[in-house]
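Hi everyone, thanks for coming. I'll take you through a few spots in one model, so have a look at it first.

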Amino acid sequence: MTTMRRRGTYLRHAALVGVSAIMLVPFYWVLKTAVTNENIYAYPPRLLPERPHLFNFVDVWYFIPFPRYLLNSVIVSAIVVACNIAFNAMAGYALTKNFPGKRAVLLLFLSCMLIPFQATIIPAYLITSKLGLLNSYVGLAFPLLSTIVCIFVFKAAFEAVPHSLVDAARIDGLSEWRIIVRVLMPLSKAAIATNVVLAFIWSWNAFLWPLIITREPTMQTLPLGLARFLSYLEDTTGALYAFAVMVLAPSIFVFLMAQREFIRGLTSGATKG
Amino acid sequence: MISRRTLLKSGTGAVVSVLAMPAIAQAPKKISFLTWNIIDQEPMIRGWIARFVKDRPGVEVEWLDKKGPEIPVFYQTQLAAGTPPDVINTQGALGLEYAAQGALLDLTPRLKADAAARDRFNADYLSNWAYEGNNYMLPFYITKTLLFYNKPLFQKAGLSAPPHSFDAILDAAQKMTTADASGFLTLNFDWLYWPLYAMNGIDLLSKDLAKPTFNTPKAIEVTDRLAKATEAGAINKISWTGRWVEPNGAFAAGNVGMLHAHSPAYFFVKGQGKWVTPETLGVAHAPGGFATPNSHGLGISKASNNPDLAWDFLKFVTNEGAQELGVNRKLVTGNIAVDNKNLADLEKTDPLVYSILKTQLEHTDKMVGNWRLGNDSKVKEAFWPELQNVLLGRKDAKTALADAERKVARELKRG
Amino acid sequence: MMPATGEAAGRQDGWWQRKRTRDLALIACFLLPSLTVFFLYRVLPLGWNVLLSVQYWSPLKPARWAGLDHYEEMLLYDDVFWQSLTNTLIFIGAAPFAIALALGIALLVNSDLKGAAVYRSILFLSYPLMTVAVGIIWRWMYDERGGIINFALRESGLITKPIPFLQSFDWALPSVIVAEVWQVLGFYMIIILTGLQSIPQHLYEAASIDGAPRRAQFWRITLPMLKPSLFLCAVVGILNSFTSFDLVYIMTNGGPGHATELLITYIYKSGFGQTKFDYAAALTVVQFILLLALTYLANRAAGGNAGSLEHR
């Protein structure tokens with residue numbers, strides 16, 4: 001390696017370390033507070049946790065039916081992720097083709113993105129009620145079964161696949177559905193990974209919708225359950241941060257699992273055509 | 001091919017079995033009970049429900065608990081869908097707003113018919129939820145503002161007693177102000193700061209709640225002085241920018257002379273402040289005895305399918321349940337007999353808490369900041385930001401109060 | 001036996017017709033599930049809002065016709081509306097900088113750099129955190145007393161008195177924006193990385209062989225090929241003006257005064273705080289139109305068709 005390249009690499013590392021540090025400082029603070037019960041508003045702030053303990057994490061299991069909430073969250077997120085991959089891939093593929101009214105459909109999708117959830121609470125509840133899906137897993141998952149951002153991710157990924165491959169498959173007599181599954185999806189691993197990660201995060205962290213739609217405590221999801229837990233303890237102690245960490249952990253886990261797809265994509269260099 | 005005889009036999013059998021079924025095979029009577037962030041008392045409430053249904057076969061009570069910010073969203077959605085909880089617990093003026101909205105059952109006829117139930121409660125607090133002359137809620141637990149003060153800081157500044165006038169407050173605050181300490185802090189949500197104006201003879205609205213009456217030279221002067229004191233650091237700025245955690249936390253940190261807050265603040269401050277002991281924490285009324293209440297009430301949704309059962313439950317909770325609530329949560333329930341008994345016990349076991357809770361039952365005729373407005377939050381939204389602008393030095397008092405007057409008048413006209 | 005030409009032609013026409021409609025039917029089928037979800041949970045609620053915005057209504061009260069009263073109130077008498085509109089635009093205006101930052105980071109990470117995976121994970125860590133949690137953490141970091149930012153600034157001698165970040169009329173909005181960028185950076189990064197994946201390596205190889213310098217390769221190959229990803233990021237940046245609801249709500253609740261009031265917080269407060277659902281509906285409609293206009297502009301900038309690339 002030449003000196004120039006080595007310096008370039010050092011610079012890159014330096015920049016990345018700097019940015020990473022900025023990202024991590026708040027996390028260190030969260031973790032530090034999650035393992036203590038100190039008054040977080042005291043001055044001066046302490047850099048190291050004093051008398052760390054894991055009680056905050058343990059308390060969660062005692063105060064609320066944690067396994068049940070965890071199960072609910074897992075089921076709902078599983079439904080959401082599975083449907084997202086299926087529906088978004090289908091819609092993304094359809095959008096790569098030209099058809100009359102395509103611009104209208106694109107506009108429709110884009111505008112749907114611009115409608116905030118807070119403005120839809122009451123009608124969404126009434127609609128879900130009419131569908132008879134209140135207090136149910138499907139009801140919890142329904143509004144998130146497809147997301148426009150992820151449709152566009154698939155669309156972009158499919159468009160990047162050379163037409164020659166698709167044409168060849170069509171000549172071979174594959175049906176459209178087969179084309180998606182056999183040809184496009186394997187070449188869009190990164191897009192699938194992104195879909196999985198995002199759909200999981202959005203459904204896992206959802207708070208307002210489950211709050212409205214579940215009345216029975218047994219159907220509540222983890223963020224709701226953990227917010228319940230906070231009512232037992234002060235909002236300013238480490239309990240809050242233990243809460244944040246516990247809700248965060250699965251999402252990070254999913255990301256790390258899906259992350260490998262990015263690496264594979266990198267090393268293969270996306271060699272197509 | 002079924003013979004006619006078999007048909008007749010089975011038909012008769014069916015009819016007989018139907019007639020033999022228990023005469024009352026109704027679905028269980030169910031009511032739902034929504035509480036405001038009281039889940040730490042889960043065993044107590046479950047106990048109430050168990051005792052309530054024991055004497056009433058076929059009755060079920062569903063209990064829901066939500067945190068404060070979640071309740072409006074939850075309740076309004078349920079209201080729009082036609083399935084609101086039968087018995088609901090609200091804080092502050094929200095009960096009045098729901099009453100004005102038409103969501104709550106008018107309890108006046110029931111209270112008239114059941115004088116014992118009505119007389120159980122402190123009349124001044126009961127009238128907190130009287131909208132247009134009708135009662136819509138019963139007290140669940142009640143609080144109002146008082147003055148906490150840091151005795152060591154008072155002594156250090158050479159002050160011997162808590163202030164007895166508005167001027168004295170500002171004076172004392174100024175004396176206790178140093179580079180690290182401030183003299184006075186108040187909570188600001190739900191009109192909790194209003195006693196500062198009431199003690200200067202300022203009224204927000206006319207008696208008929210139709211016109212704003214706060215744009216007076218006196219009010220301008222008071223606001224100006226508050227703003228100047230804030231700028232000088234005598235009044236801690238968090239008074240006007242914080243909500244619950246910041247102001248109480250600041251007082252708990254031990255470098256604020258006075259805290260003007262309602263009684264639950266004590267428990268937060270005690271939890272966070274290592275300096276708090278009966279010797280170091282002073283308790284007093286605000287000058288003039290003026291206080292803003294911030295109480296929790298229980299009401300019945302008009303859309304309830306079982307209003308009588310809900311009323312039964314309401315009476316049960318505020319009577320049989322009140323005792324336990326008062327003891328567990330160390331608060332005043334508004335139920336006269338229960339409160340007298342609990343306070344008598346507390347005087348021996350925890351004199352400091354006793355002195356705090358005693359203030360909640362004194363000067364109940366001097367409660368201010370609780371106008372019976374059906375559009376309380378709109379009026380608040382029209383008034384408070386303007387006031388905040390002055391107190392934080394962004395606007396002068398004269399312009400801000402004039403602007404606020406205009407906005408409040410608009411809201412009142414809209415009704 | 002050869003069919004008569006006329007017959008053959010007719011049959012071919014018929015066959016083509018059927019395939020075309022078959023194609024269209026298939027496309028419709030593929031779009032159906034997503035469209036159903038959006039129809040139920042976006043389009044219908046939007047319609048509800050539009051209808052509500054021209055009425056006087058509250059739950060339990062009968063509706064009355066209002067015409068454009070709410071819009072008039074909003075545009076002529078409501079300075080909070082104009083403040084929240086301005087704040088929303090400022091909020092959105094920060095997006096291009098955040099995206100540019102994310103692009104830089106993505107390029108740094110998308111290489112054969114050792115430990116790239118570790119960096120990627122660290123940088124993405126903030127996004128899966130619940131926005132409520134992000135709000136709480138940053139509110140606390142900005143705190144005058146116990147907050148680490150003030151502490152660090154004071155220790156390093158840059159300031160003598162703590163800065164009341166979230167209580168100051170001038171600092172509040174930038175402070176909230178910093179927290180928002182911190183959270184969403186990982187998201188932009190992941191979208192751009194996905195886009196970088198799909199750029200065929202042979203384009204770079206060909207350019208290198210032709211002697212094109214790295215910078216030219218970036219501007220001529222990378223950036224154009226990233227158009228769909230960047231467009232997506234831009235739209236998400238626009239969306240952040242309301243998906244950051246929890247962040248603003250927790251950190252400042254729109255305060256001090258209305259210095260950090262966004263359209264979305266104002267909508268929520270009008271609806272569930274003040275029970276002015278009809279007014280909130282009108283605000284929603286106005287916000288929707290505003291965002292639609294911005295998205296349209298972003299679409300034009302990306303070359304139309306959601307920035308898609310037509311290449312063979």
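**Odd loop residues and a helix pair**

Okay, let's start with Asn253(C), which is partly exposed because its relative accessible area is 37%; that label covers whatever falls between buried (under 20%) and exposed (over 50%), with a 1.4 Å probe and protein chains only. By the way, this is a predicted model, where local features need pLDDT of at least 70, side-chain atom pairs count only at pLDDT 80 or more, and totals for chains, interfaces and linings use all residues. Residues are numbered from 1 along each chain as written, chains are lettered from A and ligands numbered from 1 in the order written, and side-chain values use heavy atoms, leaving out hydrogens and water.

So where does Asn253(C) sit? In chain C, in the loop between helix H12 (245–251) and helix H13 (263–273); helices here are DSSP runs of H or I, at least four residues, numbered from the N terminus. Asn253(C) isn't a glycine, yet its phi is positive, about 55°. Most residues other than glycine have a negative phi.

Chain B has one too: Leu209(B), not a glycine, with a positive phi of about 60°. Leu209(B) is in the loop between H10 (195–198) and H11 (217–231) of chain B, and is partly exposed, at 24% relative accessibility.

Last, two helices of chain B: the axes of H13 (residues 245–252) and H14 (residues 264–272) come within 8 Å and cross at roughly 55°. Axes are lines fitted to C-alpha atoms over the stretch in contact, with angles from 0 to 180 degrees between N-to-C directions. That's why H13(B) is oblique to H14(B), oblique being what's left after under 35 degrees (roughly parallel), over 145 (roughly antiparallel) and 65 to 115 (roughly perpendicular).
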